[in-house]
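Biologist: I should like to request a close look at one part of this chain, followed by an account of its surroundings. Please keep to what can be read from the coordinates.

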Amino acid sequence: MPLNWDLVGTGDSEALLRPRDIYAGLASRPWPYLRHEQGEVLDKWFDRRGQRDVVIKQNTGGGKTAVGLLIAQSTLNENVGKAIHLTPDNYLVKQVREEAARLSIATTDDPYDPAFTTAQAVLVTNYQKLLNGRSAFGVVGDGKEPVDLGIVVVDDAHAALARTEDQFRLRVPASHEAYGQLLELFADDLRHQSANAWAGLEDKDPTALAPIPFWAWANKHDEVLKILRPHRTERAFEFVWPLLAEVLHLCTATATATAIEVRPSCPPIDRITSFVRARRRVYLTATLADDSALVTDFGADPDLVAQPVTPGSAADLGERMILAPVALNADLDDEAVRVLARQFADGDQDGDGIAETDPVNVVVLVPSERAAAAWSRHAHHIWRVDDLEAGVKKLRSGRPVGLVVLVNKYDGVNLPADACRLLVLDQIPRPLDSVERREAVALADSTVRLAREVQRIEQGMGRGVRDGEDYCAVLLLGAKLATAIHDARHLALFSPATQAQLKLSRDIAGQIKGEGLDAVRQALRSCLTRVPQCRAQSAGAGGGALRRARDGAAGSRRSAGGVRLRGHRPPPGRGRAGAEGGQRHRRERQGAAGAEGRIPAPDRPRGRPAGPGQRTRRQHFRPAVRARRRPRAAQGGRGAVSRRRRVPRGPLPRRCQPEARCPGAVRGSGVGR
């Protein structure tokens with residue numbers, strides 16, 4: 001009888017708990033070995049796997065997807081429970097499942113698949129599948145039994161934050177009957193706050209923006225509920241209403257000519273019980289500048305978020321030369337750069353009209369259709385989200401495709417090796433919805449706003465370099481992008497590895513500053529032809545990134561210590577740096593409040609109650625001055641001494657309690673979740 005080797009050793013899974021061992025035990029491995037940086041973070045995670053929240057930071061293109069899948073498989077092997085790997089969209093769901101197939105890891109995209117429910121396969125799905133009012137995993141109050149999860153891997157956590165906030169936003173379009181009823185309800189409040197903004201709404205001005213005063217929204221909560229609740233089963237409401245119904249009075253509402261948008265200050269993530277109760281939660285990110293967002297949006301433990309897992313080196317970072325032509329010479333307009341990009345795509349790198357080198361793939365990232373139109377004369381292809389899957393396959397086929405424009409896709413697209421040798425970022429994505437537009441005005445030039453811009457820029461620049469052997473030249477169009485790579489405030493928000501490459505690029509730019517387009521061509525060619533000196537300097541930049549990466553880990557602790565919620569104190573033990581971080585963020589949030597009429601103004605003096613019969617938290621405490629005179633001899637010759645203390649007047653109103661301010665707050669902790 002021949003031996004069945006498939007049955008040999010199947011009972012001993014102890015050796016397959018460590019992710020490195022799982023990979024080494026694969027019968028068919030996509031790579032001979034894991035990258036050194038991948039092995040490092042996997043070992044560190046394994047040592048900390050008992051911690052509920054773990055943040056893993058790797059450079060863009062550092063192999064985070066494989067890391068997340070191996071972590072999920074390790075958890076399944078340990079019999080901790082079911083495993084979910086979350087991605088921003090369905091396009092990335094397919095990419096992750098393809099990667100899992102190469103790793104021989106069983107996956108499914110169906111939450112009802114027996115392989116998932118019996119913890120035999122990893123569920124790969126998008127954020128929306130988990131985070132919605134009719135989630136297959138259960139929502140508080142819907143009668144469903146929550147799904148018991150062993151681990152949730154949040155891939156591209158920087159993108160997850162935006163998707164999560166969007167899932168917790170209710171949009172009432174102008175064509176809906178509730179839109180007119182809400183405008184009528186708040187007409188006096190909006191008119192009193194800004195007559196001009198109200199006139200814009202009446203005129204259907206597309207630029208009109210009118211925040212509904214928060215005190216008016218809270219005071220008329222019952223009327224708002226009567227207007228919106230009857231529509232809770234409609235398509236536009238059913239996936240959001242169960243998430244917001246209990247916290248509607250705490251939400252922020254903004255009116256525009258096209259819709260009224262309602263969104264909480266921080267997502268009530270505790271409505272998704274399965275996620276909140278998951279035994280392990282792992283956040284994978286490359287460019288998350290503000291770690292405290294994981295605390296406010298996902299309820300992560302601030303002490304654990306402050307200790308991210310990072311590789312000990314930057315060897316997984318490929319070579320990038322990053323130049324902003326407008327910063328080199330103000331006479332180099334954007335159209336000249338578009339012509340240069342097309343010439344490189346055609347193999348005419350010296351611009352003499354003759355193709356003397358092989359064509360290269362040039363990828364241009366633009367934020368809008370309007371920006372894409374400026375490239376129409378030069379582009380071989382203009383692709384939108386629906387064209388992305390087929391288009392990326394063409395780029396990665398190894399054959400020249402030419403100059404390709406991708407519309408509003410700054411993350412989640414992997415273009416390794418010859419798929420992209422010249423990457424062009426044309427402008428920074430601008431805010432589109434009413435809440436983002438309001439915050440953009442209120443937080444202009446703040447650290448919060450700058451961090452969001454830098455995150456998008458860094459994500460975009462990472463599309464063309466996917467491993468340590470890869471290389472790509474990057475051109476930045478527009479004054480805003482040029483400022484981002486030269487301004488000290490912006491530079492401090494980039495990852496340490498990107499900062500090292502920007503330093504090298506600035507040294508190159510300093511030598512060709514004031515020169516014409518030919519100097520830019522020469523610099524780009526030195527990168528694309530792999531000039532030895534350029535490669536040597538890039539390797540040196542990686543060493544500098546290593547030192548900065550270690551310092552960056554400490555910086556992330558400071559970031560996580562300053563919890564973003566207004567009115568919440570930093571967690572105990574966070575120290576002076578954490579407190580300062582929280583105070584700085586509160587000042588910026590208060591600036592945002594001022595822009596929308598939420599701070600005391602001449603017609604709303606400090607101390608005015610929020611509504612009839614209601615007191616603010618400040619008014620709840622009555623300063624009492626109690627003077628006590630003692631004999632001068634007993635006081636060392638001093639006179640009367642006054643002692644000032646706060647005396648509470650009755651029970652604290654619910655609107656002043658921490659848990660009322662943020663639905664996810666933990667009682668007694670002072671930390672918003």
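Which residue in β9 is the bridge partner of Leu170?

Modeller: The bridge partner of Leu170 in β9 is Val262. The model is a predicted one, and what follows should be read as a description of that prediction.

Leu170 belongs to strand β6, residues 170-173, along which the side chains alternate. Leu170 and Val172 are directed to one face and are buried, whereas Arg171 and Pro173 are directed to the other face and are not buried. The pairing of β6 with strand β9, residues 259-264, is antiparallel and extends over four bridges. In general, the strands of a sheet are joined through backbone hydrogen bonds, in either a parallel or an antiparallel sense.

A parallel arrangement is found elsewhere in the chain. There, six strands make up an open sheet, in the order β1-β10-β5-β2-β4-β3, with parallel pairing. The edges of this sheet are β1 (53-57) and β3 (107-108), each of which pairs on one side only. At the β1 edge, the partner is strand β10, residues 280-285, and the two pair in the parallel sense over five bridges. Within that region, Val55 stands opposite Tyr283 of β10. Helix α7, residues 157-167, packs on the sheet and touches both β5 (149-154) and β10. The direction of α7 makes about 105° with that of β10.

The helical packing can be followed from α2 through α3 to α4. Helix α2, residues 36-47, packs with α3 at an angle of about 35°, and the axes are 10 Å apart. The crossing of α2 and α3 is right-handed. On the α2 side the contact involves Gln38, Val41, Leu42, Trp45 and Phe46; these meet Ala66, Val67, Leu70, Ile71, Ser74 and Thr75 of α3. Classified by residue type, this contact has eight nonpolar and three polar residues, and no charged ones.

Helix α3, residues 64-77, also packs with helix α4, residues 90-102, at an angle of about 65° and with the axes 10 Å apart. The angle therefore makes α3 roughly perpendicular to α4. The crossing of these two helices is again a right-handed one. Thr65, Ala66 and Leu69 provide the α3 side of the contact, and Val96, Glu99 and Ala100 the α4 side. By class, the residues in the contact of α3 with α4 are four nonpolar, one polar and one charged. Ala66 takes part in the contact with α2 and in that with α4.

Another helix pair is formed by α8, residues 177-185, and α12, residues 221-228, whose axes come within 10 Å and cross at roughly 165°. At such an angle, α8 and α12 are therefore roughly antiparallel to each other. Their crossing is right-handed. Ala178, Gln181, Leu182 and Leu185 of α8 meet Glu223, Val224, Ile227 and Leu228 of α12. This contact of α8 with α12 comprises six nonpolar residues, one polar and one charged.

Several loop positions also deserve attention. Asn79 lies in the loop between α3 and β2 (82-87), and its phi is near 60°, a positive value in a residue other than glycine. Asn79 counts as exposed because its relative accessibility is 69%. Ala119, in the loop between α5 (114-117) and β4 (122-126), likewise has a positive phi of about 60° although it is not a glycine. Ala119 counts as partly exposed, at 23% relative accessibility.

Two further loop residues are associated with separations that span long stretches of the chain. Gly312 is located between α17 (302-305) and β11 (319-323). Gly312 is buried because its relative accessible area is 19%, the cut-off for buried being under 20%. The C-alpha atom of Gly312 is separated by 9.3 Å from that of His36, 276 residues away along the chain. Asp333 occupies the loop between α18 (325-328) and α19 (334-346) and counts as partly exposed, at 44% relative accessibility. Between the C-alpha atoms of Asp333 and Leu477 there are 8.9 Å, with 144 residues separating the two along the chain.

For the chain in full, the model contains 31 helices and 18 strands. Buried residues account for 53% of its 673 residues. Of the contacts between residues at least 6 apart in sequence, 74% join residues at least 24 apart.

Definitions and conventions: Residues are numbered from 1 along each chain as its sequence is written. This is a predicted model: local features need pLDDT of at least 70, side-chain atom pairs count only at pLDDT 80 or more; totals for chains, interfaces and linings use all residues. Side-chain values use heavy atoms; hydrogens and water are left out. Buried means under 20% relative accessible area, exposed over 50%, partly exposed in between (1.4 Å probe, protein chains only). Axes are lines fitted to C-alpha atoms, for helices over the stretch in contact, and angles run from 0 to 180 degrees between N-to-C directions. Angles under 35 degrees count as roughly parallel, over 145 as roughly antiparallel, 65 to 115 as roughly perpendicular and the rest as oblique. A crossing is left-handed if the near helix is turned anticlockwise from the far one by less than a right angle, and right-handed if clockwise. Contact means heavy atoms within 4.5 Å. Ala, Val, Leu, Ile, Met, Phe, Trp, Tyr, Cys and Pro count as nonpolar, Asp, Glu, Lys and Arg as charged, and the others, Gly among them, as polar. Two strands pair if DSSP finds at least two bridges between them.
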